[in-house]
Amino acid sequence: MIYRVLTRKTPYEPKPRSARPRATYIRSDRRIQRMASSQKIWVHEITWTSRLQISMNTVHRRIIESGYVIHAEMARRLPLSNLHISKRLQWARNHMSYGNKWMDVLFSDEKNGTSMDLTGI
């Protein structure tokens, strides 16, 4: 057997095997990936809202297959030192009497790229 494989003129390729059919289609895979990337949602909630007869493991595999959503643990930070705590407290005390000037301040959430204008509140 090995001799035949080694002396063969064409390269050896194993026969294709039939596999179990996928539990989801491309369209449902995209919907799962969209739900996972657009909001903070648990795999259990995606399974329940997708209304498909699939397991949570299947949903988790589809999310990982997408390559877009990466589960990463946040880097740990050191706790604030006493100096930093006192400086923050002093800054807050200095700006307590800021009054209506706070209406001119535009707060932005740089993480999501959105901003929140407090002038209408």
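This passage looks at how three helices of a predicted model meet one another.

A good place to start is the pair formed by helix α2 (residues 26–38) and helix α3 (residues 43–50), whose axes come within 10 Å and cross at roughly 135°. That angle makes α2 oblique to α3, since an angle counts as roughly antiparallel when it is over 145 degrees. The crossing of α2 past α3 is right-handed. On the α2 side, the residues that take part are Arg 31, Ile 32, Met 35 and Ala 36, and they meet Ile 46, Thr 49 and Ser 50 of α3. Sorted by class, this contact of α2 with α3 is made up of four nonpolar, two polar and one charged residues.

Helix α4 (residues 56–66) comes next along the chain and brings its own set of buried residues, namely Thr 58, Val 59, Arg 62, Ile 63 and Ser 66. Viewed down the axis of α4, these buried residues fall within an arc of 140°, so they line one face of the helix. The spacing fits a general rule: an α-helix has 3.6 residues a turn, so residues three or four places apart point the same way. The buried residues of α4 pack against both α2 and α3, which ties this helix to the pair described above. Asn 57 and Ile 64, by contrast, lie on the other side of α4 and are exposed.

Just after α4, the chain reaches Gly 67, which takes a positive phi of about 80°.

Definitions and conventions
Residues are numbered from 1 along each chain as its sequence is written. This is a predicted model: local features need pLDDT of at least 70, side-chain atom pairs count only at pLDDT 80 or more; totals for chains, interfaces and linings use all residues. Side-chain values use heavy atoms; hydrogens and water are left out. Axes are lines fitted to C-alpha atoms, for helices over the stretch in contact, and angles run from 0 to 180 degrees between N-to-C directions. Helices (H or I, at least four residues) and strands (E, at least two) are DSSP runs, numbered from the N terminus. Angles under 35 degrees count as roughly parallel, over 145 as roughly antiparallel, 65 to 115 as roughly perpendicular and the rest as oblique. A crossing is left-handed if the near helix is turned anticlockwise from the far one by less than a right angle, and right-handed if clockwise. Contact means heavy atoms within 4.5 Å. Ala, Val, Leu, Ile, Met, Phe, Trp, Tyr, Cys and Pro count as nonpolar, Asp, Glu, Lys and Arg as charged, and the others, Gly among them, as polar. Buried means under 20% relative accessible area, exposed over 50%, partly exposed in between (1.4 Å probe, protein chains only). The arc is that of the directions from the helix axis to the C-beta atoms.
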